[in-house]
Amino acid sequence: MHVDYILDQEFKDQTFDESNTKFKEFENCVFYNCDFRTCTFQTVTFIDCNFFDCNFQDTKINYVSLRGVFFTKCNFTNVNFAMTDQVIYEFHFKDCLLDYAKFYALKLKKMQFINCSMISVDFMASDLTEALFDNCNLRKAVFIDTIANKTDFYTSYDYSIDPDKNKLKKAIFSVDGLKGLLEKYDIVVKQ
């Protein structure tokens, strides 16, 4: 298997598909306003790459490695991250649309989600230890068997997390967020 190595490149307004991503390794590349919607990522590696205003909606990202990758203002609606390579990886999201994304059973320690819409995101069985959810809309996000120890939810909102079904030791919540932790008890919290 031959892997093409692409270093220090900048991509603008391009549409990517399987033919121009398969068996590729991108390092220190920047992507602006690129469209990945028709991609089925297979054996693709991104190292120290930045993505701005890119569209990944419904993209199949099987067997992709993300190391030191930052996504800003990107659309990941309905993307399943469960098959990403978890050997060495690190990726973060800022101002992204992640509605209906799936992070099932992933190790997402110290991940950063900043100003993201995360409606109905699946975090079932994920490890979110020390992750940061800064000003994220977590309406209908699924947290079951999730490890969220030391996770910071302080500025995020509209979540419902059952403390009996998740590990939340030293997790950070605001007073306004208590409603989302007590929802199953059908009680009224007033300020």
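A cavity is a set of grid points where a 1.4 Å probe fits but cannot get out. With that in mind, a tour of this predicted model can begin on the inside and work outwards.

The structure holds 1 cavity of 30 Å³ or more, and the space within the largest cavity comes to about 70 Å³. Its lining is made up of Phe41, Phe46, Phe51, Phe56, Ile61, Val64, Leu66, Phe71, Phe76 and Phe81. By class, these divide into 10 nonpolar residues, with no polar and no charged ones. Strand β9 supplies the largest share of this lining, 3 residues.

Two of the lining residues, Phe46 and Leu66, lead naturally to the strands around them. Strand β7 covers residues 44-47, with Val44 and Phe46 pointing one way and Thr45 and Ile47 the other. All four of these side chains are buried. On one hand, β7 pairs with strand β4 (residues 24-27) in the parallel sense, over 4 bridges; here phenylalanine 26 stands opposite phenylalanine 46. On the other hand, β7 is joined to β9 by 4 bridges, and these two strands also run parallel. In that pairing, phenylalanine 46 has leucine 66 of β9 as its bridge partner. Phenylalanine 46 thus appears in both pairings, opposite phenylalanine 26 and bridged to leucine 66, and it also takes part in lining the largest cavity.

Strand β9 itself spans residues 64-72 and includes serine 65. Is this serine buried or exposed? Serine 65 has a relative accessibility of 5%, so it counts as buried, the cut-off for that class being under 20%. Apart from its neighbours within four places in sequence, serine 65 is in contact with Val44, Thr45, Phe46 and Asp85. Val44, Thr45 and Phe46 in this set belong to strand β7.

Charged side chains offer another view of the model, which holds 6 salt bridges. One of them links arginine 37 and aspartate 35, with 2.6 Å from N to O. Arginine 37 is partly exposed, at 42% relative accessible area, whereas aspartate 35 is buried, at 17%.

Another salt bridge joins lysine 109 to aspartate 127, their closest N and O atoms lying 3.8 Å apart. Lysine 109 sits in the loop between β10 (90-94) and β11 (112-114), and aspartate 127 in the loop between β11 and β12 (132-134), so this pair ties together parts that are 18 residues apart in sequence. The two partners differ in setting: lysine 109 counts as exposed at 53% relative accessibility, while aspartate 127 counts as buried at 11%.

A further salt bridge brings together the side chains of arginine 139 and aspartate 158, at 3.8 Å from N to O. Both residues lie in the loop between β12 and α1 (178-182), and the pair therefore ties together parts that are 19 residues apart in sequence. Arginine 139 is partly exposed, with a relative accessible area of 35%, and aspartate 158 is likewise partly exposed, at 44%.

Aspartate 158 also leads to the largest pocket. Which residues lie nearest the centre of this pocket? They are Tyr157, Asp158, Tyr159, Lys179 and Gly180, out of a lining of 16 residues. The largest pocket holds about 230 Å³ of space. Its lining has 5 nonpolar, 5 polar and 6 charged residues, whereas the lining of the largest cavity has no polar and no charged residues.

Note on methods:
Residues are numbered from 1 along each chain as its sequence is written. This is a predicted model: local features need pLDDT of at least 70, side-chain atom pairs count only at pLDDT 80 or more; totals for chains, interfaces and linings use all residues. Side-chain values use heavy atoms; hydrogens and water are left out. On a 1 Å grid over the protein atoms alone, a cavity is a set of points where a 1.4 Å probe fits but cannot get out, and a pocket is an open set with protein on both sides within 12 Å along at least five of seven lines; lining residues have an atom within 4 Å of a point. Grid points are joined across faces, edges and corners, and a volume is the space filled by probe spheres set on the points. Ala, Val, Leu, Ile, Met, Phe, Trp, Tyr, Cys and Pro count as nonpolar, Asp, Glu, Lys and Arg as charged, and the others, Gly among them, as polar. Buried means under 20% relative accessible area, exposed over 50%, partly exposed in between (1.4 Å probe, protein chains only). Contact means heavy atoms within 4.5 Å. A salt bridge is a side-chain nitrogen of Lys or Arg within 4 Å of a carboxyl oxygen of Asp or Glu. Two strands pair if DSSP finds at least two bridges between them.
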